[in-house]
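The questions below ask why certain labels are used for this structure. Each answer sets a value against a cut-off and then concludes.

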Amino acid sequence: MLDRKAYVADLQDQQVVESIFLVSSTSLRETRNGDPYLCVTLQDRTGSIEARAWDDAAALAARFDAEDFVAIRGRVSMYREVLQLTLTDIQRIDEADLNLRDFLPHSRWSTESLLETMVQLVEEEIESDEVRRFLQALLADTDFQGAYQRAPAAKQNHHAYLGGLLEHSLSMARLALSMGRHYRAYYPGLVNVDLVVAGCIIHDMGKVEELSAGRTFDYTTEGKLLGHIAMGVARVDAVARDLSPPLPDELLLQLKHLILSHHGKQEYGSPVVPQTPEALLLHHLDMVDSRMNMCWNAAQPLVGDEDARPGWTDYDRVLRSAFFLGTPATAPEPVDTSAPGLATGDGTPDDGGDGEAAEPALNNPNLSLFGD
Ligand SMILES: [Fe+2]
Ligand SMILES: [Fe+2]
């Protein structure tokens, strides 16, 4: 057994690595010359890295499957501006001695706190009885609650961790309250804030079924065949069906339109483009929140590291840029996250109070700071 875990986020170009990872996917492929090579995605709680084995590929591939834990030996190199591992050995290992928390990425907040905060927001901030009644019925379903708490918001790119969907939806709901109220005051009569908040809570809820949140995140068959947009609309219908008295037809239509149009364009998977002020705002809130999460992911290795800052983040392929995090003159003021009442935890099933040292304060943010 290897005594020290090397985390994906800490890997450096040319580093020789011996460590344990979770296999998210594996396949045996062929080069143009017809030589087999092994293509593996390795993950831990800090991220994932592509690994390749060029020698003995077929024999190595037969030793393990996706979702197995493996001990690997290899060397890190830079390929097309992305770190990659070249494997010399890979071996399936028993999970009995492992702490699963090291391998599953999870939200920095406890998912229970996130859900509680969302339920409270619905109770306290939604002004329309009808919208509140719908959202309360949705969030009261215990099966849905469990899945909503666990689901990632995406397979990769943004909020791709346990609790990510809830974190993303709550963050957007809080933005919707402030931006929605701003535009309601600025352009009187233009925006129904309740609808925008509802849109934030429900827009990606189909991901609960689209992505399986087991050991690795992958699309379910239903998710592949239907997609989260259609699945979200189906859930709106299912929740509405049980409501008595029924919701007004137009409200149901508006709720469905929010889900259907939230990707903004047909080429991004929305069957219709946003055609209400609320849907337009929702689409942009989704863009802002997902992109700021990507930016944070890129910035995280440098944030809080005195020596690394000021500095540039790695290049982000989706955002098509690296980010400059400022000199001491312009870097943001540090936030005090050591206040009492930390609502953290990881919400993973194996969160069993294993007596690990607390993570640094930056990774333990106070939920009350979230979005305020
Ligand atoms: Fe979406
Ligand atoms: Fe989203």
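Q: What makes a residue buried, partly exposed or exposed?
A: Buried means under 20% relative accessible area, exposed means over 50%, and partly exposed lies in between. The model used here is predicted. In it, lysine 207 is buried, and aspartate 204 is buried too.

Q: What makes lysine 207 and aspartate 204 a salt bridge?
A: The rule asks for a side-chain nitrogen of Lys or Arg within 4 Å of a carboxyl oxygen of Asp or Glu. The closest N and O atoms of lysine 207 and aspartate 204 are 4.0 Å apart, and the pair forms a salt bridge. By this rule the count comes to 13 salt bridges.

Q: Which atoms are the protein donors of the iron ion (ligand 2)?
A: They are His168 (NE2), His203 (NE2), Asp204 (OD) and Asp286 (OD), lying 2.1 to 2.3 Å from the ion. A donor has to be an N, O or S atom within 2.8 Å of this kind of metal, so these atoms qualify. Along the chain the donors follow the spacing H-x34-H-D-x81-D. Histidine 203 is buried, as is aspartate 204.

Q: Why is the site of the iron ion (ligand 2) called irregular?
A: The angles among its four donor atoms run from 81 to 171°. A tetrahedral site needs all angles between 85 and 135 degrees, so this range rules that label out. The site is classed as irregular.

Q: What coordinates the iron ion (ligand 1)?
A: Asp204 (OD), His228 (NE2), His262 (NE2) and His263 (NE2) do, at 2.1 to 2.3 Å. In sequence these donor residues are spaced D-x23-H-x33-H-H. The pair of histidine 228, in helix H8, and histidine 263, in the loop between H9 and H10, links distant parts of the chain, 35 residues apart. Histidine 228 and histidine 263 are both buried.

Q: Why is the arrangement around the iron ion (ligand 1) called irregular?
A: Its four donor atoms subtend angles of 85 to 170°. The upper value falls outside the tetrahedral range of 85 to 135 degrees, so the arrangement is not tetrahedral. It counts as irregular.

Q: Which residue coordinates both the iron ion (ligand 1) and the iron ion (ligand 2)?
A: Aspartate 204 coordinates both, and the two ions are 4.4 Å apart.

Q: How do you know that glutamate 130 and arginine 133 are about one helical turn apart?
A: They are three residues apart in helix H3, which means a separation of about one helical turn. They form a salt bridge, with the closest N and O atoms 3.1 Å apart.

Q: Why are glutamate 130 and arginine 133 each called partly exposed?
A: Glutamate 130 has 26% relative accessibility, and arginine 133 has a relative accessible area of 22%. Partly exposed covers the range from 20% to 50%, so both take that label.

Q: Is arginine 235 buried or exposed?
A: Its relative accessible area is 19%, under the 20% cut-off, so arginine 235 is buried. Glutamate 209, at 28%, counts as partly exposed. The two form a salt bridge with their closest N and O atoms 3.6 Å apart. The pair links distant parts of the chain, with glutamate 209 in helix H7 (residues 207–210) and arginine 235 in helix H8, 26 residues apart.

Q: Why does aspartate 316 count as buried?
A: Its relative accessibility is 15%, and buried means under 20%, so the label follows. Aspartate 316 lies in the segment after H10. Aspartate 316 and glutamate 81 are 235 residues apart in sequence and 9.8 Å apart in space, C-alpha to C-alpha.

Q: Why is arginine 80 called exposed?
A: Its relative accessible area is 70%, and exposed means over 50%, so arginine 80 is exposed. Its place is in the loop between strand E4 (69–79) and strand E5 (82–93). Its phi is near 50°, a positive value in a residue other than glycine. Most residues other than glycine have a negative phi.

Q: What makes the peptide bond from serine 244 to proline 245 cis?
A: Its omega is near 0°. Proline 245 is found in the loop between H8 and H9.

Technical notes
Residues are numbered from 1 along each chain as its sequence is written. Chains are lettered from A and ligands numbered from 1 in the order in which they are written. This is a predicted model: local features need pLDDT of at least 70, side-chain atom pairs count only at pLDDT 80 or more; totals for chains, interfaces and linings use all residues. Side-chain values use heavy atoms; hydrogens and water are left out. Donors are N, O and S atoms within 2.8 Å of the metal (3.2 Å for Na, K and Ca); water is not among the atoms, so sites may look incomplete. Four donors count as tetrahedral if all angles lie between 85 and 135 degrees; four count as square planar and six as octahedral if opposite donors are over 155 degrees apart and all others between 65 and 115; anything else is irregular. Buried means under 20% relative accessible area, exposed over 50%, partly exposed in between (1.4 Å probe, protein chains only). Helices (H or I, at least four residues) and strands (E, at least two) are DSSP runs, numbered from the N terminus.
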